[in-house]
Structures are given as structure tokens and as C-alpha cells.
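Take a look at the chain below. Then read on for a short tour of its backbone, its cores and one of its helices.

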Amino acid sequence: MAVNLVNVEQVSKVYGTRALLDGVSLGVSEGDRIGVVGRNGDGKTTLIRMLAKLEEADTGRVTHNGGLRLGVLTQHDSLDPEATIRHEVIGDLADHEWAGSAKIRDVLTGLFGGLALPGFEHGLDTVIAPLSGGERRRIALAKLLIAEQDLIVLDEPTNHLDVEGISWLAGHLRTRRSALVCVTHDRWFLDQVCTRMWDVQRGAVHEYEGGYSDYVFARAERERIAATEESKRQNLMRKELAWLRRGAPARTSKPRYRIEAANELIADVPPPRDTSELMKFANARLGKTVFDLEDVTVQAGPKTLLTHLTWQLGPGDRVGLVGVNGAGKTSLLRALEEAARSQGDVQPTAGKIVVGRTVKLAYLSQEVKELDPKLRVLEAVQQVRDRVDLGKGREMTAGQLCEQFGFTKEKQWTPVGDLSGGERRRLQILRLLMDEPNVLFLDEPTNDLDIETLTQLEDLLDGWPGSMIVISHDRFFVERTTDKVMALLGDQALRMLPRGIDEYIERRKRMEESVTPSAAPVAHAAAAPAPAANAQATRAAKKELQKVERQLDKLSTRETSLHKQIADNATDFAKVATLDAELRELVTERDELEMRWLELAEDA
């Protein structure tokens with residue numbers, strides 16, 4: 001029988017006139033891996049701080065098992081700014097001692113990319129004081145994971161980690177014997193790590209068995225049973241529930257509880273995204289050209305990030321952009337934005353960017369632009385526009401769109417200066433969409449957003465007709481809102497990944513394994529200028545690579561069209577047989593092209 005580690009009994013916490021937690025009773029036992037979700041401001045962080053005895057409850061009590069070894073990662077670290085990374089993370093261990101520990105090597109490699117900490121000028125001997133908040137947070141996480149604990153409490157551990165770091169952390173936590181309580185908005189991470197969920201809502205905490213996918217099913221079923229009218233049935237989880245049911249069957253292996261009842265809930269929900277219909281509408285709004293890049297070089301100061309880039313973003317394309325930090329993801333978006341803002345007058349260092357004449361770009365950067373703090377939320381939105389056209393005859397007022405983004409009628413009259421960081425991020429996205437752009441660049445749009453707001457944003461983007469590039473470390477968001485994934489692997493090239501982020505992780509792992517200490521001189525030698533013949537062969541491979549990518553795009557569009565025709569002619573068996581034969585040929589051709597793409601990618 002599992003030993004009980006922490007007991008929370010009838011705990012309440014009030015801030016001002018608002019009860020964040022009201023008579024909550026919970027327990028954490030050995031082996032538990034618990035994910036904590038809920039809207040921003042509903043008390044998730046307060047709950048785990050009281051669980052860890054970092055904050056006192058107003059009423060009730062929290063008890064720890066005797067001798068409990070507890071590790072906590074808060075949103076504000078307690079590192080000594082005058083100390084070095086070595087002192088904080090490794091302590092007094094000699095080099096041969098920590099280098100001989102598989103656990104320490106795994107943590108340093110997983111969080112920093114190598115034992116020498118390549119991102120830090122002086123490696124382990126770097127002083128902490130001048131480091132950024134993201135760097136300090138990774139150091140605090142490494143210090144926590146190297147120690148031995150019975151229970152780990154983590155508040156937003158995936159913040160400031162890239163896709164690879166998040167993947168490594170999920171695998172690391174799955175293999176640890178420590179119990180875990182984790183607050184995060186990263187749904188992929190929750191599904192990978194957690195076996196139970198706590199949903200903090202209006203002062204109460206609802207418990208669910210399973211990971212995030214199971215939580216969505218179980219919560220939808222609970223709300224279905226509790227609903228007393230049609231408006232309740234139209235809850236915000238339905239679209240995501242439909243998405244999960246249509247997704248890969250192996251998202252989770254946990255029981256589905258009463259799936260039949262959940263299926264009734266989504267029986268009348270349309271497909272998550274009608275790609276063909278949106279493509280037609282996007283063509284009408286954008287014309288044939290959006291962005292055409294020809295032999296482009298992108299630089300950030302003296303550093304060259306991308307060379308000989310030939311690529312096309314077409315009408316209706318929805319692209320997820322992933323890559324190592326510093327590879328040029330944001331720089332590429334900024335180069336495209338400058339070209340769009342100047343209508344092609346501002347060009348990159350080398351090459352040419354052609355911008356479509358009808359392009360109306362909205363760019364959500366990582367920085368939250370400040371608004372007049374005295375403005376009310378609704379006034380800040382109405383400054384842009386009173387109504388917005390969502391396409392296909394759908395229209396929303398500023399107030400309606402505010403409600404969809406979690407700003408209730410009362411909240412719409414809150415001064416901007418009183419909003420939290422997450423609420424300001426929501427308002428920033430809302431103002432962008434109100435301006436009716438036909439091209440969206442979203443750079444880390446999920447920062448500071450809670451899960452319910454993310455599902456609302458995804459729901460809105462499902463039916464948004466236009467071209468879109470998304471940079472995000474949130475795998476769930478990228479998979480949910482985009483149709484293809486492009487990658488910057490740090491070699492000054494942009495590549496399409498037919499298998500998405502899973503393929504990106506595999507490629508990065510192979511790259512890391514190939515660069516061993518003994519191979520360093522070889523890698524250095526390889527960096528020398530290649531002979532002219534090799535350079536010419538590389539350019540030829542890159543050109544053919546771009547051609548294959550365009551062919552794959554066309555095949556993908558045709559495949560979608562064939563599936564739709566088969567569905568529309570389900571009763572005409574002769575036509576279905578003809579269409580099916582064409583589909584089989586198309587799939588064979590696509591497989592051959594993907595194999596050719598992989599060969600060319602290696603050559604390039």
C-alpha cells in the first residue's frame with residue numbers, strides 16, 4: 001500500500017473579498033504524478049504553495065509525513081546571485097565525482113545541451129547575477145532534479161524550455177521514483193507525465209484519474225450530466241474533445257470512462273478544420289502570392305542564421321516553425337514583417353522577398369506591448385474595431401469576442417492596468433484579430449495563457465481563413481492549429497518535416513549523438529569551406545528539395561479533396577471505387593516523394 005506523503009484537510013484561503021480555495025481536502029501518496037489545471041487566478045499556485053507549506057492557510061491544515069524530502073520549483077528562484085552555476089547545482093562535488101554520476105550527466109545534458117553548458121560563456125563557472133530569468137530558471141530546475149526527493153512540486157516547469165528540453169523533462173520525470181505535483185499549461189506534457197489531474201475551479205478542486213486526455217473526457221461527461229439546458233451543453237470543451245477523439249488513438253492508454261456518453265456530446269460537432277473550404281476563402285482574400293523567398297540570407301547583427309533560403313508561404317498555409325534557440329525563428333519572421341510593412345522595399349542581406357499586394361499582416365511578438373493602463377478592456381478592443389468578420393458569414397462584436405477570450409461582461413470594464421500578465425496577453429491577441437488580418441505570425445502565443453483560453457484561441461483559429469506561421473514550444477498547440485511543420489536545425493537551412501515534431505526530436509537526437517568529444521576536430525574540419533563542386537551539389541539539392549516540398553503540398557491538397565469526394569459520394573459505389581484507386585496511387589506517390597525528400601535533406 002502506497003504511503004501517504006501530504007494531507008490537505010478542509011483548507012480555505014481568501015484574498016480580499018475573493019475565496020480562492022474553500023474547504024479543500026486532498027492527499028498525495030507515493031508514486032502519484034498529479035497535474036494541476038485551471039484558469040489564471042483561480043488558485044493553482046496558491047494551492048501548491050500551501051501544499052509545500054510555503055504559504056499558510058486561513059483555515060484547515062496541511063500535514064507532511066515525517067522526514068519528507070520535498071523539492072519545490074517556484075516561479076521565483078532563490079539562487080545566490082553571487083554564486084556560480086557549479087556552486088548552486090553541483091555543490092562541493094569534485095569533477096570526477098559528478099562527471100561519474102549518470103544522473104547528473106543526464107540532467108546537465110537534457111537542460112543545457114551538454115556537460116560544458118555550451119550556452120554559457122564560462123560554462124559551470126558562470127556567475128548567476130547577470131543571467132536572464134529563463135537561464136536562472138533552468139539552473140534552479142537542474143539543482144532540484146539532481147537532488148533526491150520523496151515529492152517534487154513544480155510550478156510551470158516547461159517555461160523557458162524548448163521542444164527538446166520539454167521532451168527530455170517529460171521522459172526524466174516518468175522514470176523518477178519521486179511523487180510529483182505539477183502546475184503547467186502544456187497539455188502534451190501533462191499527457192506524457194501525469195496519472196491524475198486536479199482541476200481548480202471557483203474555490204473547489206475536482207479530481208480526475210488519468211492524464212490530460214482522460215481529464216477532458218471525464219470533465220466533459222461530468223458537465224454533460226450536470227447540464228440542465230442546451231446552453232450548458234455548448235461548453236468550451238466540446239471542440240477540443242472532438243479533436244482528441246479524432247486524434248491518434250495512442251494519445252493515452254488510460255480508461256475512457258463512459259465514452260459512449262462523451263461521443264453523444266460531440267455527435268453534432270463539425271470537423272475541427274475544413275482545410276479545402278478555408279483554402280478557397282484564403283485564396284479569395286489573399287490572391288496567389290503571400291510571401292515568396294528567393295535565395296534569401298537572414299542575419300541577426302553579424303551572425304548569419306539562414307543562407308540560400310528559397311521558400312514559399314502560400315494562401316491558406318498553416319505552418320508550425322520549430323528549431324533550436326538562436327537558429328533564427330524570430331529573425332525570419334521579423335525579416336518577413338519588414339518586407340511586408342515596406343511592401344517589398346526593405347530586403348534581407350541577400351536574396352529577395354516578394355510580398356503579395358493584398359497581404360495584411362498581424363504579428364504577435366513575445367513582448368507584450370503596453371496599452372494605456374486607464375483604458376477599460378472593451379475600450380482597448382473597440383479602439384481597433386467594433387465588429388470583426390470571421391469569414392463564411394460569421395461576424396462578432398467586440399464584446400462577444402471579449403467573452404470568447406474569457407473577459408466576462410464585468411471584466412470588460414476592468415482597467416488594463418489591473419490585468420494580470422496572462423490577461424494582457426489575451427487582450428493583445430484579441431486586438432490583433434479584431435484588425436481582420438489575412439496573415440498571422442504568432443511568436444510564442446501560449447505564454448501566460450491558461451488551458452481554457454488556449455482551447456478558445458485554438459477554436460477560433462480553426463475557422464480562421466488565412467496564412468499563418470506559429471512559433472511555439474507547446475506541441476499540442478502547434479499540432480492543433482497548423483497543417484505542416486518546418487524546422488531550423490541550426491545549420492542555416494529550413495526543412496519541412498513530414499512527420500512533424502516527433503521527427504524534429506529524432507533528428508536533433510541524431511545530431512547530438514554524432515557530435516561526440518572525439519569527433520570535435522572532425523566537426524571543426526568539416527566547417528571549412530567546401531570545394532566549389534560540393535557547394536554546387538548542395539545548392540542543387542536544396543533547389544530540388546524546394547521542388548519536392550511544393551509537390552508534397554499539392555499532393556496533400558489533392559488527398560484532402562479526394563477524402564471529401566469519397567464522403568460526398570458514399571452511396572455511389574462505382575465512383576467511390578474510382579476515387580479510392582486514385583487515392584491509393586496518390587499515397588504511393590507521396591511515400592516515394594517523402595523518401596526522396598529525406599535523401600535530399602541529408603545531401604543539403
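## A tour of the chain

R202 sits in the loop that links β8 (196-201) to β9 (204-209). This is a predicted model. In it, the phi of R202 is near 45°, a positive value in a residue other than glycine. Most residues other than glycine have a negative phi. Is R202 buried or exposed? Its relative accessible area is 73%, which is over the 50% cut-off, so R202 counts as exposed.

H308 also has a positive phi, of about 50°, and it is not a glycine. H308 belongs to a strand, β11 (residues 303-313). Its relative accessible area is 36%. That value lies between the 20% and 50% cut-offs, so H308 is partly exposed. The table sets out the two residues.

| Residue | Phi | Place | Relative accessible area |
|---|---|---|---|
| R202 | near 45° | loop between β8 and β9 | 73% |
| H308 | about 50° | strand β11 | 36% |

Now step back to the whole chain. It has 604 residues, and buried ones make up 50% of them. The chain holds 22 helices and 20 strands. Its accessible surface comes to about 28500 Å². Carbon and sulfur atoms account for 50% of that surface. How many contacts reach far along the sequence? Take the contacts between residues at least 6 apart: 70% of them join residues at least 24 apart.

Next, the inside. The largest nonpolar core has 53 residues. Which of them touch the most other members? They are F291, L293, W311, F441, I469 and Y504. Helix α21 (residues 532-568) gives this core its largest share, seven residues. A second, separate core has 47 residues, including L73, I146, I152 and F476.

L293 deserves a closer look. Set aside its neighbours within four places in sequence. L293 then contacts L309, T310, W311, L332, L336, K352 and I353. One of these, W311, is also among the core residues that touch the most other members.

Y504 leads to the last stop, helix α19. Its buried residues are I501, E503, Y504, I505, R507 and R508. An α-helix has 3.6 residues a turn, so residues three or four places apart point the same way. How does the length of α19 check out? The helix has 14 residues, 501-514. At 1.5 Å a residue, they should span 20 Å, because the expected span uses one less than the number of residues. The end C-alpha atoms are 20 Å apart, which agrees.

Note on methods
Residues numbered from 1 in each chain as written. Predicted model: local features only at pLDDT ≥ 70, side-chain atom pairs only at ≥ 80, totals over all residues. Heavy atoms only, no water. Helix = DSSP H or I, 4+ residues; strand = E, 2+ residues; numbered from the N terminus. Buried < 20%, exposed > 50% of the residue type's maximum accessible area, 1.4 Å probe, protein only. Core = buried A, V, L, I, M, F, W, Y, C linked by side-chain atoms within 4.5 Å. Contact = heavy atoms within 4.5 Å. Areas by Shrake-Rupley, 256 points an atom, 1.4 Å probe, with all protein chains shown as cover.
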